Amino acid sequence: MDTRETVLDFVKRKFKDKVDKTGAPYIMHLTSVASYAYIPHEPAYIKSAIESIALLHDVFEDTDATEAEIRNLIGVDDTVIDAVKLLTRDKADTYMEYITKVSENRIASLVKIADLYHNMQITRYDVLDDNVFSLLKRYHKAYKFLTKLNK
């Protein structure tokens, strides 16, 4: 079975009834991040890892998924698991401490940049209130920090 299909099926099941901050089905966010994180000139195994990480990037934070469950997916290795764990924010860290930790892993950084890019799409939000603007400012700061490091 193709690894992407296995990961995609897994996240579809885990996020089945979940919506994102904008009220859209969560799977749309995950697949959007995966499409933004695509890097055309990387070897196939790197592209596959990036896509898997992008699809799984919120799985520990927003579902009951366990590391053992994910390890049982065909083709999901330590590179993917380690990056997904790194992308799972420890609530003891400030947001920028978390972003700094993510910045130490190139693949996790690229996925986080794609995640932030999707989260900053202002047209996704029905209401632009102070909470949304506060989030957008935080995302923008993190995006600028990570993109400077990944030029």
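Here is a short chat about salt bridges in this predicted model.

Student: What makes Arg 71 and Glu 67 a salt bridge?

Tutor: Their side chains come to 2.8 Å, N to O. The cut-off is within 4 Å for a Lys or Arg nitrogen and an Asp or Glu carboxyl oxygen, so the pair counts. Both residues sit in helix α5, 4 residues apart, which is about one turn of the helix.

Student: Why is Arg 71 called partly exposed?

Tutor: Its relative accessible area is 35%. Partly exposed is what lies between under 20% (buried) and over 50% (exposed), so the label fits. Glu 67, at 27%, gets that label too.

Student: How do you know that Glu 67 and Lys 85 meet in a salt bridge?

Tutor: The N to O distance there is 3.4 Å, and the limit is within 4 Å, so this pair passes. Glu 67 is in helix α5 and Lys 85 in helix α6 (residues 78-86), so the contact ties together parts 18 residues apart in sequence. Lys 85 is partly exposed, at 39%.

Student: And Lys 101 with Asp 93, are those ends buried or partly exposed?

Tutor: One of each. Asp 93 has 12% relative accessibility; buried means under 20%, so Asp 93 is buried. Lys 101, at 40%, is partly exposed. Their side chains meet in a salt bridge at 2.8 Å, N to O.

Student: Which residues do shared partners join into one network?

Tutor: Glu 67, Arg 71, Asp 78 and Lys 85. Across the whole structure, the search finds 9 salt bridges.

Technical notes:
Residues are numbered from 1 along each chain as its sequence is written. This is a predicted model: local features need pLDDT of at least 70, side-chain atom pairs count only at pLDDT 80 or more; totals for chains, interfaces and linings use all residues. Side-chain values use heavy atoms; hydrogens and water are left out. Helices (H or I, at least four residues) and strands (E, at least two) are DSSP runs, numbered from the N terminus. Buried means under 20% relative accessible area, exposed over 50%, partly exposed in between (1.4 Å probe, protein chains only).
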